[in-house]
Every structure is written in C-alpha cells, then in structure tokens.
Protein chains: 2
Amino acid sequence: MSVQTVESIEGFRKVLDEERRAGRTVGLVPTMGFLHDGHASLMRRAAAECDVVAATIFVNPLQFAVSEDLSSYPRDLAADQRLAEAAGVTWLFAPPVEEMYPGDVHTTVTVAGESEGLEGEIRPTHFAGVATVVAKLCNIAGPCRAYFGEKDWQQLQVVRRMVADLSMPVEVVGCPIVREPDGLALSSRNAYLSAAERRAATVLHRALRAGADAADPVEAMRRVVAAEPLAELDYAEMRDGRLLVAARLGTTRLLDNLAWEGPSDNHKALEG
Amino acid sequence: MSVQTVESIEGFRKVLDEERRAGRTVGLVPTMGFLHDGHASLMRRAAAECDVVAATIFVNPLQFAVSEDLSSYPRDLAADQRLAEAAGVTWLFAPPVEEMYPGDVHTTVTVAGESEGLEGEIRPTHFAGVATVVAKLCNIAGPCRAYFGEKDWQQLQVVRRMVADLSMPVEVVGCPIVREPDGLALSSRNAYLSAAERRAATVLHRALRAGADAADPVEAMRRVVAAEPLAELDYAEMRDGRLLVAARLGTTRLLDNLAWEGPSDNHKALEG
C-alpha cells in the first residue's frame, strides 16, 4: 500500500481512530523529516510490531532556540515520502506550522531531572519544546507504540518519563543507533558537514569506543576529541551507565552515545 | 445502573476504552470529591449529553502549596458514591495518591497567560498542578467531553487553553455556577465556614451583583467587600468581560465570578 500524506490534525486523528476501530494497532514514528536509514530502521521495526505505521514530519520551532538552525534545517518531503513508503509507513502526517501552532502557544510540558545537564545545559529550552510537541503529536495520534532512536538518548529518557508521569496511552520503544560503515551515527544534520568535517566526524564514535574500554571513560573520551583539530567538545559524560558525547564540527553539533559496561578484563589486568 | 468505583489507572482506562469500543460517548467530570449539587449539575449535564458518565475523585497534592489545606481537605467517599450514582455516573475513578503518583513527578504542564494573575498570583504553583493532573486524568480517560464548573473560572480558561494547545481529544464544557438560595456559590470549602462566616460569605455574590450594575465594577466590588467585617479581600478584578472576586472568611478562601455586560441603561442614564 502506498503512503498517504495528511496535513490536518483532524485528518490524521481520524484515520488513526479508524485504524484502531478496525482492530489494528498503531506504530508511531515522530521525526523532523529529511529521513535517513536511522529513521527507516524505526519504521521497519514499527511495521514488524504493529498493524499499521504512521510517521510524522514536523520541524518543531518550539525546540529550536533563536540562534539555532530552524530556518536552515534540511527538508525534502518527496524523498521522505519515498523512504517512508519503502519502510512500511501507511500514514505520513506532515502538517504546516500554522496547523500545529495557529497562534501563540501558552502550554509547555517540562520534565525536570531527565532534561537537566547534557543537551539541557547547552540548549536550555530544547527539551520543553520536544516534550510539548511529542505530547501534542501523541494526543493527535491516539493510543500507539511510539518509536524513538537511541541516538538522541536524553530525549528518549525525557519522553519515557513524560509518558509515565502523565499516563499517556503510549508505549515508548527505544531503537538502536544506525551508523555509517566508519561509525558515524546517522543524523539529518550530517548533511551540513563539509568533506573534511565529515571525515573528522568519526571522532564521536571513536571517543565512545575509547571510553567504553577505559577505566576513566570521561577522560578517555575527552582525550580522543581533543586530538581531533576540526572538533570542539561540548561535553563527554557518563549518566546511568551510558557514555554520551556532543561535539561541534564547524557549526554543526553532533551527538552520540554508547552503553558503558565497565572496563574490559584486559584493561583491568593492565591496571592491576 | 449503580455506580462502579475503580481505583487503578489501568482499570479506569480499560472500562472507558470498552465503552467507546461499544460505540458509546464518554462524559468526564473531574472533581476533588466531597461532592455537592454543583458537581451534581455537571454530572447531570454530562448524562444528558453523553452515553456514559465517568467522574473522578482525586485530591491532587500537586495543586496545593505546602501552607494550604491538603491534609484537611474534606473527604467522604461513601456520600460521593451516592451523589454520583443519583446524578447518573456509571464509573467513579477514585485512585489512591500512590496510584496517581507512585514516585517523584518530574513532568509539569504549565499554561502561560491564562494562569497568570488572580489565583495564579496568590497561588503561584496552583495552575501547573491543575493542568498536570487534568492532562493525566484525560490521558487515562481517553477521548471524551469533560465538564468543568464556571465557579473556578480561571481554571476553566487554563484547561481550555491546554486542551487546545496540546490538541487533546477532549471537548471542554463549562457549566454555570450553582448557588445557595442566598447567592453563595457552592464549594466543598464552604464546609469550613463557621455559622457567622457562612452568613458573611454571601459578600462575594453581593459584590459581584454590585459590580455588574456599576460603571466602575472593580471599585463597586471592593466597596462591598470592605463593608463586611468578617471578609478580607484577595482580589476583585475584571478580565475578558468577567468579574472575579476572591476573599477570605477566617481561614477559608472563597471564589466567585459573574459575567459583566457593562453598566445597565438605568445606570448610564443616572451618570449622563
């Protein structure tokens, strides 16, 4: 079945209500578009686990600060439709900004704790914008399983917490990061990178791998990023057993993260 | 059909999902219990307009400041069950606090503008607590018409705005204030009043009626409250064509409001 694009809130709500009324479970994949194989992996997973898949494409102004890349954020709806269709999406919700926010938005959803530090320190209003738009998209979509990539690890924790605290009728599913062959995590923002920056951008994954194998992972990650002249570190931290790194390549901010399971036995032996 | 009381989130969600699956529309009446005829009027209206009525009874800690009357707030579940049943309620959701908030709540819904001034000035965290719990109750209840009394006028505006901004699948219905024969607006907090305070409490309605008939309604309301020795004014204001008054009778805070349609012709003639 080919993908159907819906632009209105009431239209999207209606088609998914009808799917559920017919007894079908709904998988939801919220995105900002300019889709890549990371998004496709979420859609394929949703298609494997749910009867029908809906994806949303909305570059949400609320989650960009004035100084950030809202106006330059890459967009390509025709390509997105092709990718979504190939990945098993039936309903694509691509609302204009005026449909989502016809006037001032007075309502904000904030998530203390999970939103603090890391991205929340560098982008103080970012996660309120994310939580608010995810709440709105879920309210429109209705009961569903919602798929989010682990690449935006902190965002996933924020969404999980919001859904639990507000008893939203949503099951949040986190999905593994998809990487280029050289280790770079897929991101729509990779499109901003120059050829030289693209080569240097593997530094995030290299830093995480060094951290995963070190007794002092934060120090190891910092050392790897410091050795890359084109990269400037925003943070390298460990939280809840996860290594997280953010760095700028020129004007492009990239994120990555990896599970940390303690130093390897080999490493311990060397230390001992 | 007799009223059924449900204590668990999943249980309440399930019975209302089943009602909708059977094609029945759901009316929701969120309350803090200690029900009176004002609540009953909401329930009867919901019963007239919807196929099945659900009411919730939850004294929500999030909307009380530390100094406020959370622990002393009046409760009487058995009486509430009888009133709800007589008013046409089928499902009564009365969750324990631990069911609604099993641990720390990190997520807060705030509504700028509508929450500011009036109650929001005197109770700075109140409307965030209200918006958060109403969002949660609506997420649990699912698509419905939700009935709120106009007695808490500012709360009604906060809820309307949240529902619109977040595209919640809820139609908010505001219902007229129910009054005692002497004009006092029904409120669970009226139970706190001594006999003398109860007699003096008509001052709120008297002030509103004086304001409704005056060229300077705020001044008129203030004058009426100032003349009542047992009452202390918190505010008397006009907002969006509504006169709003709050006053303390001893330690009990009472609210009331009334539409303002401009000074009467009679009054204008006298002024001219």
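# Strands, sheets and a shared edge

B:Gly27 stands opposite B:Val53 in strand 3 of chain B. Let's work outwards from that pair.

This is a predicted model, where local features need pLDDT of at least 70 and side-chain atom pairs count only at pLDDT 80 or more, while totals for chains, interfaces and linings use all residues. Residues are numbered from 1 along each chain as its sequence is written, with chains lettered from A and ligands numbered from 1 in the order in which they are written.

## Exercise 1

Find how many bridges join strand 2 to strand 3 of chain B, and place these strands in their sheet.

*Solution.*
- Step 1: Strand 2 (residues 26-31) and strand 3 (residues 52-57) of chain B run parallel and are joined by six bridges. (Strands, E, at least two residues, and helices, H or I, at least four, are DSSP runs numbered from the N terminus; two strands pair if DSSP finds at least two bridges between them.)
- Step 2: In chain B, the open sheet has six strands in the order 1-4-3-2-6-7, with parallel pairing.
- Step 3: Its edges are strand 1 (4-6) and strand 7 (170-175) of chain B, each of which pairs on one side only.
- Step 4: From one strand to the next, the twist averages 25°. (Angles run from 0 to 180 degrees between N-to-C directions, and axes are lines fitted to C-alpha atoms, for helices over the stretch in contact.)

## Exercise 2

Which strands does helix 2 of chain B lie across?

*Solution.*
- Step 1: Helix 2 (residues 37-49) of chain B lies across strand 2, strand 3, strand 6 (144-149) and strand 7 of chain B.
- Step 2: The direction of helix 2 is at about 170° to strand 2 of chain B.
- Step 3: Helix 7 (residues 153-165) of chain B also packs on the sheet, where it touches strand 6 and strand 7 of chain B. (Residues are in contact if their C-beta atoms, placed from the backbone, lie within 7 Å.)

## Exercise 3

Which element of chain B gives the most residues to the side that touches chain A?

*Solution.*
- Step 1: Count the contact: 24 residues of chain B meet 24 residues of chain A.
- Step 2: Helix 1 (9-21), strand 5 (107-111), helix 6 (126-141) and helix 7 of chain B each give two or more residues to this side.
- Step 3: Strand 5 of chain B gives the most, with five residues.
- Step 4: Now look at the pairing: strand 5 (residues 107-111) of chain A runs antiparallel to strand 5 of chain B, and five bridges join them. One of the partners of A:Thr110 to look for is B:Thr108, its bridge partner in strand 5 of chain B.

## Exercise 4

At what angle do helix 6 and helix 7 of chain A cross, and why is the crossing called oblique?

*Solution.*
- Step 1: The axes of helix 6 (residues 126-141) and helix 7 (residues 153-165) of chain A come within 10 Å and cross at roughly 50°.
- Step 2: Helix 6 is therefore oblique to helix 7 of chain A. (Angles under 35 degrees count as roughly parallel, over 145 as roughly antiparallel, 65 to 115 as roughly perpendicular and the rest as oblique.)
- Step 3: Helix 6 of chain A brings A:Phe127, A:Val130, A:Ala131, A:Val134 and A:Ala135 to the contact, and helix 7 of chain A brings A:Gln155, A:Val158, A:Val159 and A:Met162.

## Exercise 5

Describe the sheet of chain B that has the order 8-9-10.

*Solution.*
- Step 1: This open sheet of chain B has three strands and antiparallel pairing, with strand 8 (231-239) and strand 10 (252-259) at its edges.
- Step 2: Eight bridges join strand 8 to strand 9 (residues 242-249) of chain B; B:Met238 has B:Leu243 of strand 9 as its bridge partner.
- Step 3: Helix 9 (residues 203-212) of chain B packs on this sheet and touches strand 8, strand 9 and strand 10 of chain B.

Terms used: Contact = placed C-beta atoms within 7 Å.
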